[in-house]
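Load the model in your viewer and keep the sequence panel open beside it. The stops below can be taken in order, each beginning with a selection.

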Amino acid sequence: MQPPRPPDLPTDHPGRPLLARLEALARCEIVAPEGIRHGPLIGQLRHMIDRNVAPGPRDGPLILSPFAHLSRLLDPAEALAMLAPAPPEALDRISAGQGLLVLDGASEGRAFRGEEAAILHGALEASGIPAGRTAWVQQNRALGTEYRAWCAARGIEPVRIVTGDGYALGLWHRLFAPEIKPLPGEPPPRWPFGFALASDGPRRNRWICLNYVVRAHRAVLAAWLLAREEPGHLTFSVKRIEEDEAARSRFARDATWLARVEPGLYPRVEALLASGMDRTGDTKAFAHSHWRVHSLPMEEVAASELFIVTETEMVWPNLHRWTEKTLKALASGLPFIVFGNHGTVAGLAELGFDTLPDLVDHGYDAEPAPDRRFAAALASVARFLGRAPGFTPAEMTRLRLAARHNREVFARQILRVAALDPIDEILAAARAP
């Protein structure tokens, strides 16, 4: 079998910085504890290395990287089990300052909780790994400040908090790196950036709203949308609701709270959940669960005017992240409204994206209180749907110019925050004496 040859990318191709990082990582010894797979960021990077970097010397530092799924940091036994199968020599080398433990949770964002931090530090101490030789990769940009304050109050050394996003890297790869060899398993067909703007004609959907796991804000929004007269496309399946007792109780509490925005809305939510609705869109064809990260019902998106995003969270405080759900809406080219964390749209604007504030009122994004943010986002949807149907020629020109601009920002900035910056932090920490 011939060794891989690096892709021949043009000098200005946005993927060239990633190839340089892959070559640097390829010199490291990247391992996972026995029986535990790599996480979403390190795992993708390993696959990319195998397919794009010719074999060479392994003269870089050791990186021990298990998948640090949220469930493993909620229970002391699970946290310890994540590290216990690691080769003893790897633990010894890291303890001696010759490598780095990278806890890869780059598919998740979480609000800071002191009990989880205590569990994490307990597992590190039991495994003999200094906090200073540990990096924790996750999506929430607000976690580090609270966590470091928690450590300072207790006089303990913090682990290094690294923000990265394995899902965003996968989406970037699908959109911008056809020259870089794909990851195993072929997701649904690629879609070009701004594809929803290909046609000038009338659109049969005034809105589109795609949902996966049923959460409170998604259920309330779906019940509200289904009662409106404007035609739209909704994916929503009551089969994907969280089932444990604590989750059901939390769901009822949050849904009741958010549904106060409109009299009689909560009974409609209850009726929706009892209906057995199973509108799954393009997800029925998924052969792998990760395909939902890359997939879109392209025909329905292209026939829509407004992309209504329901992010993973909306009611938890101290969360600052966006997921591939908002990024896919942005990449479609359509105007979008996000039911998600405080500051989601502002964070994307800070990266340089044109969020079309002249077509969509994103004032909801600045509202810190979840119930008021939800109500403001509903009002923004109602205002957009109050427009005359369709886009004027001037608006189509505006949208296409924004899509061209956003394509360039996405190609470079999303790659940077999702992968390049965290790789640089991990390499610097692993090489540090």
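Start with strand 4 and strand 5, residues 134–138 and 160–163, which pair in the parallel sense over four bridges. Helix 6, residues 143–154, carries the chain from strand 4 to strand 5, and this β-α-β crossover is right-handed. To see one rung of the pairing, select Ala135 and its bridge partner Arg160 in strand 5. The model is a predicted one, as should be kept in mind at each stop.

Next, colour the cysteines. Cys151 has a relative accessible area of 0% and is therefore buried. Cys209 is buried as well, because its relative accessible area is 1%, under the 20% limit. How many disulfides does a search of the whole structure find? The count is zero.

Move to the second sheet view by selecting strands 6 to 10. Five strands form an open sheet here, in the order 8-7-6-9-10, and the pairing is mixed. Strand 8 (278–279) and strand 10 (336–339) are the edge strands, each pairing on one side only. Zoom in on strand 9 and strand 10, which run parallel and are joined by four bridges. Ile308 has Ile337 of strand 10 as its bridge partner.

From strand 9, follow the chain into the loop that leads to helix 13 (324–332), and select Asn318 there. Asn318 is not a glycine, yet its phi is positive, about 60°. With a relative accessibility of 46%, Asn318 counts as partly exposed.

A residue with a similar entry in the backbone angles is Leu356, whose phi is positive at about 55° although it is not a glycine. Leu356 sits in the loop between helix 14 and helix 15. Is Leu356 buried or exposed? Its relative accessible area is 3%, so Leu356 is buried.

Stay in this loop and select Asp358, then add Arg398. Their side chains meet in a salt bridge, 2.8 Å from N to O. This pair links distant parts of the chain: Asp358 lies in the loop between helix 14 (344–350) and helix 15 (370–385), while Arg398 belongs to helix 16 (residues 393–431), 40 residues apart. Arg398 counts as partly exposed because its relative accessibility is 23%.

Now show the other charged pairs. The whole structure holds 24 salt bridges. One of them joins the side chains of Arg407 and Glu408, at 3.6 Å from N to O. Both ends of this pair are partly exposed: Arg407 has a relative accessibility of 35%, and Glu408 has 39%. Elsewhere, Arg204, Glu299 and Glu300 are joined into one network by salt bridges that share partners.

Select Arg113 and Glu116 for another salt bridge, with the closest N and O atoms 3.8 Å apart. What is the relative accessible area of Arg113? It is 32%, so Arg113 is partly exposed. Glu116, in contrast, counts as buried, because its relative accessibility is 7%.

Turn next to the interior. The largest nonpolar core has 106 residues, and Leu18, Phe339 and Phe410 are those with the most contacts inside it. Which helix gives the most to this core? Helix 16 does, with 18 residues. A second, separate core of 29 residues includes Met82, Ala86, Leu91 and Ile161.

Centre the view on Leu18 and show its surroundings. Leaving aside residues up to four places away in sequence, Leu18 touches Leu45, Met48, Leu169, Trp172, Leu415, Leu420 and Ile423.

For the last stop, select Ala96. Ala96 is placed in the loop between helix 4 (88–95) and strand 3 (99–104). Its relative accessibility is 54%, over the 50% limit, so Ala96 counts as exposed. Add Arg292 to the selection and draw a distance between the two C-alpha atoms: Ala96 and Arg292 are 41 Å apart in space and 196 residues apart in sequence.

Methods:
Residues are numbered from 1 along each chain as its sequence is written. This is a predicted model: local features need pLDDT of at least 70, side-chain atom pairs count only at pLDDT 80 or more; totals for chains, interfaces and linings use all residues. Side-chain values use heavy atoms; hydrogens and water are left out. Helices (H or I, at least four residues) and strands (E, at least two) are DSSP runs, numbered from the N terminus. Buried means under 20% relative accessible area, exposed over 50%, partly exposed in between (1.4 Å probe, protein chains only). Two strands pair if DSSP finds at least two bridges between them. A crossover is right-handed if, with the strands pointing away from the viewer, the path from the first strand over the helix to the second runs clockwise. A disulfide is a pair of cysteine sulfur atoms within 2.5 Å. A salt bridge is a side-chain nitrogen of Lys or Arg within 4 Å of a carboxyl oxygen of Asp or Glu. A nonpolar core is a set of buried Ala, Val, Leu, Ile, Met, Phe, Trp, Tyr and Cys residues joined through side-chain atoms within 4.5 Å. Contact means heavy atoms within 4.5 Å.
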